[in-house]
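Hi,

Here is the structure I promised to pass on. Have a look at it first, and then read on for my notes.

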Amino acid sequence: MQYDNPLIIQTDKTILLDVHAQRAEECRDALLPFAELEKSPEHIHTYRLTPLSLWNAASAGFCAEDAVKVLREYARYDVPQAVEAWIFEISTRFGKVRLVCAPERQNEGIAEEYLFLVTPSEAVYREISALPAAKKYIVPCAFVPCEKNEGQVSDAEKAHCFLLKLTDRGIVKQELLKSGWPVKDDVPLVNGEMLEVSFRETTLSGKPFSLRNYQIEAAKAIVGNGGAGTGFGTVVLPCGAGKTVVGMSIMEMLKTSTLIITTNITAVHQWINELLDKTTLEADQIAEYTGENKEIKSVTVATYQILTWREKKDGPYPHFSLFKSRAWGLIIYDEVHTLPAPVFRVAAEIQAVRRVGLTATLVREDGMEGHVFSLVGPKRYDVPWKDLERSGWIASAECVELRLDLPSEMEIDYAVADLRKKHRLACENPAKIAVVKSLVERFPNDKILVIGQYLSQLSEVSKLLGAPIITGKTPNSERDRIYSDFRSGKIRVLVVSKVANFAIDLPDASIAIQISGTFGSRQEEAQRLGRILRPKERAARFFTLITRGTVEEDFGANRQKFLAEQGYAYRIIRFENESSLEELSQCLIG
């Protein structure tokens, strides 16, 4: 027993981290590759081991032995033997079932492409054979050697073989993941159209440019050696760390035609500007595919919104044809944690193309992280936010939660409201408006984003501050103009709705004031903090206004969970009057 160590590992696969222990911070970083944070109150944080967390770790080369070594090194008491055994059992499931090439078969004179699903285990073979969901797509068969699978398959795997159509590759991976069997896809990916892409040493804007080490490592983790089992996966990096550059680095390594899908038209324009600024690509090689322009070129940047548009609720998706419009060699899913369900459906069909998901957090409130794992690819690269902060690649940040009372005249309405109405009443607490104004006045030298959920509240703030506002109804040309004015310093304060949660580059913003949010969305909290993490001379400051004693407190605690995992602590201050902000100024760093 090591009583100074920070971890207590329990037989239910939860891990308790004493944040006051001497090695707590280094232990938190060591847990990140293979454990998920569940709760993060003041003194003890709770992590959980899950199959998906271990499979993501395994796909990035972090094996069961590595996980057990971490637990043993930081454990206060002996690691339960049952937990160690479970880690080894679950981790070894990754790679136990594989997809490999099969020879083409003739069906009514037409050559059809198939794949083999193989396993070395008789027990696993029988279990998969009995799965009702899998029976629709796979059939037991004899293994047939061919040039494409020569030397890839062991004798034990040849004895336990299924056949499936190439077009069912994605759905089979999904169904087997649900049954606890992650499929290792070792089928070589097809090559797309060639495209010469190189980085400039000096950007068009006149700045020297070079890749950071972690950006190169992330790109290499996706590209691999070009062989089977490489060329797909997910990269997790904090906002402000240059995920766009990682995507461009993969393009430069593969030198192939690329389809980039992102969250909104502003992000489309940012991708195009970055490509032109930092690579040798010319404007006539890059196209925008959105509601405003629908061109297709060697590099095409589209929005999820246009891809999921359809004329009728139960009608077809006419723009899905973009995925097959040319021989793409790479698909980049930007902000992959926002991937809509219809795009998952088409992603299941397009498994032969190299692909990468970029995100700051794989957290999905709908629990569909498994779809990202099986269809886009497992997590190949991750780095703790605090590591990049210590290296100066992202800004240091202070997180402050200001708790305000609900006005007495609203207490009865709040008491009798349902949960959704309670949340809105708490979020739209009118006392927040004056606090926002005081915060803006208190930091006259900062560029400030005021972020919220409810448009009427945001409009009131915008009028009070005399600041421009961007919502979903703001025309794209107007959005681009306002963002440009904010970057250039023409305006200092900008009010934004949730449209600014994702893929918006506002490098000089140093303060974000969050006045309302989407219930308990952890990914939204991470994205909003990310708006102010571009490197800068002063610390970034993230203020969240919460109505005390309401459901907003509970939702706020859940929202902060992901950032707590990354090492960000929230300072809680009860706001009663202007003197509370004096207390705030005294305790802020810098």
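What volume does the largest cavity have? About 70 Å³. Before I go further, please keep in mind that this is a predicted model.

**Cavities**

I searched the whole structure and got two cavities of 30 Å³ or more. Around the largest cavity there are 14 lining residues, and S516, G517, I546, E552 and R559 are the ones nearest its centre. If you want to find the spot by secondary structure, go to α17 (419–427), β24 (540–547) and α22 (551–559), each of which supplies at least two residues of that lining. Helix α22 gives the most, with four residues. By class, the lining of the largest cavity splits into six nonpolar, six polar and two charged residues.

The second largest cavity holds about 30 Å³ of space. Its lining is made up of K173, L177, P182, V183, F373 and S374, with α8 (169–178) and α14 (369–376) each supplying at least two residues. Here the classes come out as four nonpolar, one polar and one charged.

**An aromatic pair to look at**

There are 10 aromatic pairs in the structure. One of them brings back F373, from the lining of the second largest cavity: the ring centres of F94 and F373 are 6.4 Å apart and the planes sit at 75°, so this pair counts as edge-to-face. F94 is in the loop between α4 (81–91) and β5 (97–101), while F373 belongs to helix α14, so the pair ties together parts that are 279 residues apart in sequence.

**The four-stranded sheet**

Towards the start of the chain, have a look at an open sheet of four strands, ordered β1-β2-β4-β3 and paired antiparallel. Its edges are β1 (7–9) and β3 (36–39), each pairing on one side only. On average, neighbouring strands in this sheet are turned by 30° against each other, ignoring direction. Strands β2 (residues 14–18) and β4 (residues 44–48) run antiparallel and are joined by five bridges; to get your bearings, I15 has Y47 in β4 as its bridge partner. Helix α1 (residues 24–31) lies across β1, β2 and β4, and runs at about 155° to β2.

One residue to click on here is L16, in strand β2. Apart from neighbours within four places in sequence, L16 is in contact with P6, L7, I8, Q10, I44, H45 and T46. From L16 to L37 is 9.8 Å, C-alpha to C-alpha, with their positions 21 residues apart in sequence.

**The seven-stranded sheet**

The other sheet I looked at is an open one with seven strands, in the order β14-β15-β13-β16-β17-β12-β18, and its pairing is parallel. At the edges stand β14 (286–289) and β18 (379–382); each has a single partner strand, so one side of each is left without a neighbour in the sheet. The average turn between neighbouring strands of this sheet is 20°, again with direction ignored. Four bridges pair β14 with β15 (residues 299–303) in the parallel sense, and A287 stands opposite T300 in β15. Helix α10 (residues 243–254) packs on this sheet, where it touches β12 (232–236), β13 (258–262), β15, β16 (330–333) and β17 (354–359). The direction of α10 makes about 165° with that of β17.

Cheers

Note on methods:
Residues are numbered from 1 along each chain as its sequence is written. This is a predicted model: local features need pLDDT of at least 70, side-chain atom pairs count only at pLDDT 80 or more; totals for chains, interfaces and linings use all residues. Side-chain values use heavy atoms; hydrogens and water are left out. On a 1 Å grid over the protein atoms alone, a cavity is a set of points where a 1.4 Å probe fits but cannot get out, and a pocket is an open set with protein on both sides within 12 Å along at least five of seven lines; lining residues have an atom within 4 Å of a point. Grid points are joined across faces, edges and corners, and a volume is the space filled by probe spheres set on the points. Ala, Val, Leu, Ile, Met, Phe, Trp, Tyr, Cys and Pro count as nonpolar, Asp, Glu, Lys and Arg as charged, and the others, Gly among them, as polar. Two strands pair if DSSP finds at least two bridges between them. Axes are lines fitted to C-alpha atoms, for helices over the stretch in contact, and angles run from 0 to 180 degrees between N-to-C directions. Contact means heavy atoms within 4.5 Å. Rings of Phe, Tyr and Trp (its six-membered ring) pair if their centres lie within 6.5 Å; planes under 30 degrees apart count as stacked, over 60 as edge-to-face and the rest as tilted.
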